[in-house]
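Biologist: Before any conclusions are drawn, please show the chain under discussion.

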Amino acid sequence: MTTYLIGCASGIAGADAHSGEGPSVVRESPAMLTLEKNGKVQWHTMLSPFTSHKRKDENIRLLCLQLAKHVSELIRGKKSFCVVGGDHSCAIGTWSGVYDAMHDKGDLGLIWIDAHMDSHTPETTPSGNIHGMPLACLLGFGYPTLTTVLHDTPKIKPENLCLIGVRSFEEGEASLLKRLNVKVYMMEEVLARGFGTVLQEAVAHVSKNTVSYGVTIDVDALDPQDAPGVDVPEPGGIRLIDMIAGLKKIVNDKKLIGTEVVEFDPSRDKDRVTEKSMTDIIAEIVMKS
Ligand SMILES: [Mn+2]
């Protein structure tokens with residue numbers, strides 16, 4: 001089975017736009033070229049950022065609209081997809097696209113693997129960077145330009161969402177998730193119980209009341225030893241070997257509709273360690289039967 005890859009080569013919502021170069025570095029990586037040659041992956045498209053608007057959220061909306069349409073089209077064609085970012089604002093497009101294709105069948109679940117909560121609104125963000133806001137947008141909070149991509153409605157219900165690996169956050173975003181009663185597995189709990197165990201529990205949680213679920217992976221969830229090439233590294237993260245072992249157990253789940261891997265910044269990589277982590281993760285995702 002072939003997995004269709006969509007590159008979202010934009011870093012304009014990040015602290016550093018260099019994450020926009022991640023997808024093309026991944027695409028040219030020897031491990032990816034092998035997967036492509038073996039027919040395990042096929043690049044569906046590589047999207048570039050828009051710059052025509054003065055407002056950043058308007059430009060990000062245009063890109064997310066495009067991405068959402070591609071994702072929806074692949075799902076309607078019964079194809080499996082993996083979005084390769086770019087900064088994490090692409091998640092607004094990816095999961096809005098899944099919503100578009102699936103909402104008449106039922107609700108969507110989402111597992112958000114990340115060192116951060118990405119749940120700021122324009123009112124709570126200290127940095128103003130939109131890559132810190134995509135999860136709030138999917139829940140229906142934030143810039144109206146970004147909460148209404150393809151459909152003017154929240155894309156994910158709080159009870160169908162899980163975060164895994166959080167170890168750095170601000171009060172404003174934490175209180176939003178708390179108020180919504182979202183399940184958050186802090187990194188402390190992941191270390192104590194093991195990533196695989198927590199992931200299995202998260203799958204059960206997001207599958208309970210949904211027709212399907214997705215997984216979005218910010219590589220900054222990994223420990224900086226395995227992923228130094230990110231804009232906002234946070235020590236004490238998930239080790240690559242544990243991430244791969246955990247994913248191995250869920251990639252053949254029929255309810256897993258698609259995946260996303262984001263925030264690789266090649267300009268900060270050391271000895272291509274992060275590039276290898278990205279391609280190892282993607283290889284595991286696409287190695288399904
Ligand atoms: Mn993120």
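The exchange below concerns a predicted model.

Biologist: What makes the chain agree with a compact globule?

Modeller: The globule rule, 2.2 Å times the number of residues to the power 0.38, gives a radius of gyration near 19 Å for 289 residues, and the chain has 17 Å, so the value agrees with a compact globule. Its C-alpha trace spans about 45 × 45 × 40 Å along the principal axes, and 54% of the residues are buried.

Biologist: Why are β2 and β6 said to stand at the edges of the sheet?

Modeller: The open sheet has 8 strands in the order β2-β1-β3-β8-β7-β4-β5-β6, with parallel pairing. β2 (41–47) and β6 (183–186) each have a single partner strand, so one side of each lacks a neighbour in the sheet. From one strand to the next, the twist averages 15 degrees.

Biologist: How do you know that β3 and β8 pair?

Modeller: Pairing requires at least two bridges; β3 (residues 80–85) and β8 (residues 256–262) have 4, in the parallel sense. Val84, for one, has Val261 in β8 as its bridge partner.

Biologist: Which strands does helix α9 touch as it packs on the sheet?

Modeller: Helix α9 (residues 195–207) touches β4, β5, β6 and β7, and its direction makes about 160 degrees with that of β5.

Biologist: Which residues touch the most other members of the largest nonpolar core?

Modeller: They are Ile6, Leu67, Ile111 and Ile164, in a core of 92 residues. Helix α4 (residues 90–102) supplies the largest share, 8 residues. Beyond four places away in sequence, Ile164 touches residues including Ile111, Tyr185, Val198 and Ala202.

How values were computed:
Residues are numbered from 1 along each chain as its sequence is written. This is a predicted model: local features need pLDDT of at least 70, side-chain atom pairs count only at pLDDT 80 or more; totals for chains, interfaces and linings use all residues. A nonpolar core is a set of buried Ala, Val, Leu, Ile, Met, Phe, Trp, Tyr and Cys residues joined through C-beta atoms within 7 Å. A residue is buried if 20 or more other C-beta atoms lie within 10 Å of its own, exposed if 12 or fewer, and partly exposed in between; C-beta atoms are placed from the backbone. Helices (H or I, at least four residues) and strands (E, at least two) are DSSP runs, numbered from the N terminus. Two residues are in contact if their C-beta atoms, placed from the backbone, lie within 7 Å. Axes are lines fitted to C-alpha atoms, for helices over the stretch in contact, and angles run from 0 to 180 degrees between N-to-C directions.
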